[in-house]
Amino acid sequence: MPEFLNVITADQMVDLLGRFGRLSSQRIPLDASLDRFLFEDIITPEDLPERPRSTVDGYAVRAADTFGASDSIPAFLEVVAAVPMGVVPDAMILPGQAAQIPTGGFLPEGADAVVMVEYTNPAGSNAIEVIRPVTAKANVLDKGEDAKRSEILLLAGKSMRPQEIGFLAALGITEIRTYRQPQVAVISSGDEVVSIDRKPQLGQVRDANSHSLAALVRASGAEPISFEIAPDNAGMMGEMITSALSIADVVAISGGSSVGTRDLMVEAVADLPGVEILAHGVAIRPGKPTMLAHQNGKAIFGLPGHPVSALVVAQIFMAPFLRFLQGGKLEKGPLGSKTEAELATSISSTVGLEEFIRVRLDKTSGGTYFAYPVFGKSGMLSTMVKADGIIAIPMNSEGLSKGEKTQVARI
């Protein structure tokens, strides 16, 4: 078997991932929708507010009655009512009259503005002086101004944040239709890999990959399904992948892929019925031995065995893909927020490979960020723990120079 079957670039990998179909939808309670993606547009069921409301504590008035009011020449208005909170008032405001009103109170008929209480003075037991004029609709949230009935409120694909949840709650929406969360089978492989509750013997290592990858799956809004460690046997590995495909939307298997003449992972996947290997080898560092395949539209990720490489590849490709399956935008990861930083030292790179460098960020008193590369030997998990983010060096670049500005993806 050749070293790599089908080497592609990172951008080509993203293009391949974009050919997969998104998942189906499900109706879920509004309170369970945080970070979920809307499957369909949400149409406003009613006007919000349903009638004009005050946005301040003050007095509901006819704006024309306050024109020209000032400290020296105040407008005198008779207070004929006090608007109770949550009750539609039955009072009618006539010229020269006002009604006391709380924030959120419904405007009585005849009133078209609210004077803030700070701009009034008491003038006896049932009158006020207005010392600042208001215009029509001042300090008033008009009917349907926040949301108008039958209009599109939120577009399909919108990620639900606390503010969207609160908005829908205000409209009485209790359930919404979102994309289903992906089920991801996480498998580690290798005769040398043992579970984390065991003491490794000489030549063995604890299974870090399945735990870091499962955490990344959860952080991406998906649900991990953990499997037993697969042995270095193509037939047994294939049986485990088949079992995983029967219950999961995505399979992520780490280990068993290398630059050697025999690649157990590819061998196991290639022998499965109906499987097509889309890529075996991505021109990146770390993570060149990455594999992508599919069976009946379900993605199979073959990740490197090194914990650092496996996690970096998963951050770059698998996490964005999982968000894409549930309605998000597909783009090359990591998914974290971006911070512009100045390189504290030069970094060399290999032409022909897109390199992803772990960096530590240091913010100066002036607000400038400096990025310090976190170097370490292959497989050192401490480099990921010490890093605040990752920078990408383009595949046709020989590196980045000290002082150069770059985008750091937070991890």
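**Close-up 1. Surroundings of S150, a residue with positive phi in a predicted model.** S150 is exposed, because its relative accessible area is 54%, above the 50% limit for that class. In this predicted model, S150 belongs to the loop between β10 and β11 (152–154), and its phi is positive, at about 75°, although the residue is not a glycine. Most residues other than glycine have a negative phi.

**Close-up 2. K137 in the loop between β9 (127–130) and β10.** K137 also carries a positive phi, near 80°, in a residue other than glycine. With a relative accessibility of 44%, K137 counts as partly exposed, and the loop that holds K137 runs between β9 (127–130) and β10.

**Close-up 3. L141 of strand β10 and its contacts.** Strand β10 covers residues 140–141 and includes L141, which counts as partly exposed at 27% relative accessibility. When neighbours within four places in sequence are left aside, L141 is in contact with P49, R51, P52, R53 and T55. One of these partners, P49, is found in the loop between β2 (42–43) and β3 (53–54), and the peptide bond that leads from L48 to P49 is cis, with omega near -5°. V251, by contrast, is 110 residues from L141 in sequence and 51 Å away in space, C-alpha to C-alpha.

**Close-up 4. The cis peptide bond between R285 and P286.** R285 and P286 are joined by a cis peptide bond whose omega is about -5°, and P286 has its place in the loop between β19 (284–285) and β20 (291–295). Most peptide bonds are trans.

**Close-up 5. Helix α3 against helix α6.** The axes of α3 (residues 209–219) and α6 (residues 307–325) come within 10 Å and cross at roughly 25°; because this angle is under 35 degrees, α3 is roughly parallel to α6. The crossing of α3 past α6 is right-handed. On the α3 side the contact is made by N209, S212, L213, L216 and V217, and on the α6 side by P307, A310, L311, A314, Q315, M318, A319 and L322. Of the residues in this contact, 10 are nonpolar, three are polar and none is charged.

**Close-up 6. L311 of α6 and S210 of α3.** L311, placed in helix α6, counts as buried at 14% relative accessibility, and beyond residues up to four places away in sequence L311 touches S212, L216 and M384. The C-alpha atoms of L311 and D207 are separated by 13 Å, although the two residues lie 104 residues apart along the chain. D207 is joined to S210 by a polar contact of 2.5 Å between their side chains. S210, found in helix α3, is buried with a relative accessible area of 9%, and S210 touches V186 and S188, again not counting residues up to four places away in sequence.

**Close-up 7. Helix α1 against helix α6.** The axes of α1 (residues 10–17) and α6 come within 11 Å and cross at roughly 25°, which means that α1 is roughly parallel to α6. This crossing of α1 and α6 is right-handed. Here A10, M13, V14 and L17 in α1 meet F317, F321 and F324 in α6, so that the contact consists of seven nonpolar residues, with no polar and no charged ones, given that Ala, Met, Val, Leu and Phe count as nonpolar.

How values were computed: Residues are numbered from 1 along each chain as its sequence is written. This is a predicted model: local features need pLDDT of at least 70, side-chain atom pairs count only at pLDDT 80 or more; totals for chains, interfaces and linings use all residues. Side-chain values use heavy atoms; hydrogens and water are left out. Axes are lines fitted to C-alpha atoms, for helices over the stretch in contact, and angles run from 0 to 180 degrees between N-to-C directions. Helices (H or I, at least four residues) and strands (E, at least two) are DSSP runs, numbered from the N terminus. Angles under 35 degrees count as roughly parallel, over 145 as roughly antiparallel, 65 to 115 as roughly perpendicular and the rest as oblique. A crossing is left-handed if the near helix is turned anticlockwise from the far one by less than a right angle, and right-handed if clockwise. Contact means heavy atoms within 4.5 Å. Buried means under 20% relative accessible area, exposed over 50%, partly exposed in between (1.4 Å probe, protein chains only). A polar contact is a pair of N or O atoms within 3.5 Å; within protein, one must be able to donate a hydrogen and the other to accept it, and residues adjacent in sequence count only if both atoms are side-chain atoms.
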